[in-house]
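Me: I would like to go through this model by question and answer. Please keep the replies brisk.

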Amino acid sequence: SDTKTGGMIDMSTMPATDAAALEAAKDGDSILVKAGTYETAEITKSVTILGANAGVNPVTEERTSETIFTGDLIIAADNVTIDGICLTAKGRIVGSAAGVKNAVIVNVLSKESTVNGTSADSATAPIYFATTTADASFENIVINQVKYTGSTGRPMIFYGSNINGLTITDSEFIAIGVMSNYNDGIKIESIKGNVNITGNYFEQYYQYVIWFMNYAEGNYKIANNTYK
């Protein structure tokens, strides 16, 4: 069973896909998820998910055994933080199509991603906040200290639409072994608000590194990034 003390739930004895475990949480709680491999989970409370490497920056630090997701980790609530997990294969962090506010993705390692491996799913990415739902939007999305390596198809990092406020900072994105003239890094179909993309490293992106298909009024800062 869970042990809960001072707003902390330890899920070390149950899978992250167990709806009962997430149901035990209350808004504002932190949930510890042990190292291991998980498929999917849906986060419906305003919680912090702490993987085995919470607080460990994958860009600059060595990591120990990972909390790995190979499917969709869906954010379906406002004010959610995901810290210290690993995405691989088809693993993604996905914003609910209904839209969410104040999502923070930090210290996440995405490696050997295959979510862009075919033309059928080329409009996706390991971090995916896109919706066609009327009046839905994603507000104040923060991506910090994320390390990404993708080696198949079209290795996009972030795919979004209807974004109102976006921060991507101090991250490293490398398309290993991919040589193509159709290869994007960040693709957003509609964006506005406060946008801050700074201090990142991009390597082997051959078409659009940062592509805003449509943009509206806002404060945009794109600076101090390295492109190789």
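Me: What is the order of the strands in the open sheet of eight strands?
Reply: The model is predicted, and this holds for every reply below. The open sheet of eight strands has parallel pairing. Its order is S4-S7-S10-S13-S16-S19-S22-S25.

Me: Which strands stand at the edges of that sheet?
Reply: An edge strand here has a single partner strand, so one side is left without a neighbour in the sheet. Two strands fit that description: S4 (36–38) and S25 (226–227).

Me: How many bridges pair S13 with S16?
Reply: S13 covers residues 109–113 and S16 covers residues 147–150. Serine 110 in this pairing stands opposite tyrosine 148 in S16. The two strands pair in the parallel sense, and the number of bridges is three.

Me: Which residue in S15 stands opposite lysine 101?
Reply: S12 (residues 101–106) is joined to S15 (residues 138–144) by five bridges. These two strands run parallel. Opposite lysine 101 in S15 stands glutamate 139.

Me: And which residue in S12 stands opposite aspartate 83?
Reply: S9 (residues 81–83) runs parallel to S12. Three bridges join the two strands. The residue in S12 opposite aspartate 83 is valine 106.

Me: Which residues have the most contacts inside the largest nonpolar core?
Reply: This core has 45 residues. Strands that each supply at least two of its residues include S5 (41–43), S8 (72–75), S12 and S14. S15, S18 (163–169), S20 (186–188) and S21 (191–198) do so too. The residues with the most contacts inside the core are Ile82, Phe129 and Phe158.

Me: How many residues are in the other core?
Reply: This core lies apart from the largest one. Among its residues are Val94, Tyr128, Met156 and Tyr159. The count is six.

Me: Is the pair of tyrosine 128 and tyrosine 159 stacked or edge-to-face?
Reply: The ring centres are 5.7 Å apart. The angle between the planes is 10 degrees, and planes under 30 degrees apart count as stacked. The pair is therefore stacked.

Me: How many residues apart are tyrosine 128 and tyrosine 159?
Reply: Tyrosine 128 is in S14 (residues 127–129) and tyrosine 159 is in S17 (residues 158–160). Both tyrosines are buried. Their pair links distant parts of the chain, and the separation is 31 residues.

Me: Which residue has its charged end over the ring of tyrosine 128?
Reply: The charged end sits 4.9 Å from the centre of the ring. It belongs to arginine 92.

Me: Why is the pair of phenylalanine 202 and tyrosine 205 edge-to-face?
Reply: Phenylalanine 202 is buried, with a relative accessible area of 1%. Tyrosine 205 also counts as buried, at 10% relative accessibility. Their ring centres lie 6.5 Å apart. The pair is edge-to-face because the planes stand at 80 degrees, and the cut-off is over 60.

Me: Which residues form one aromatic cluster with Phe202 and Tyr205?
Reply: By the ring-pair rule, the count for the model comes to ten aromatic pairs. Phe202 and Tyr205 belong to one cluster, together with Phe173 and Tyr227.

Me: Is asparagine 200 buried or exposed?
Reply: Asparagine 200 is found in the loop between S21 and S22. Its relative accessible area is 2%, and the cut-off for the lower class is under 20%. Asparagine 200 is therefore buried.

Me: Which backbone nitrogen does the side chain of asparagine 200 reach?
Reply: A polar atom of this side chain lies 3.2 Å from the backbone oxygen of threonine 198. Contacts of asparagine 200 beyond four places in sequence include Ile168, Asp170, Phe173 and Asn224. At 2.9 Å, its side chain reaches the backbone nitrogen of serine 171.

Me: What separates the C-alpha atoms of asparagine 164 and asparagine 140?
Reply: Asparagine 164 is found in S18 and is partly exposed, with a relative accessible area of 24%. Among the residues it touches are Phe138, Asn140 and Lys192. Asparagine 164 and asparagine 140 are 24 residues apart along the chain, yet their C-alpha atoms are separated by 6.3 Å.

Me: What is the phi of asparagine 79?
Reply: Asparagine 79 is found in the loop between S8 and S9. At 43% relative accessibility, asparagine 79 counts as partly exposed. Its phi is positive although it is not a glycine, at about 60 degrees.

Key: Residues numbered from 1 in each chain as written. Predicted model: local features only at pLDDT ≥ 70, side-chain atom pairs only at ≥ 80, totals over all residues. Heavy atoms only, no water. Pairing = 2+ DSSP bridges. Helix = DSSP H or I, 4+ residues; strand = E, 2+ residues; numbered from the N terminus. Phe/Tyr/Trp six-rings, centres within 6.5 Å; stacked < 30°, edge-to-face > 60°. Buried < 20%, exposed > 50% of the residue type's maximum accessible area, 1.4 Å probe, protein only. Lys NZ or Arg CZ within 6 Å of the ring centre and 35° of its normal. Core = buried A, V, L, I, M, F, W, Y, C linked by side-chain atoms within 4.5 Å. Polar contact = N/O pair within 3.5 Å; in protein donor to acceptor, adjacent residues only side chain to side chain. Contact = heavy atoms within 4.5 Å.
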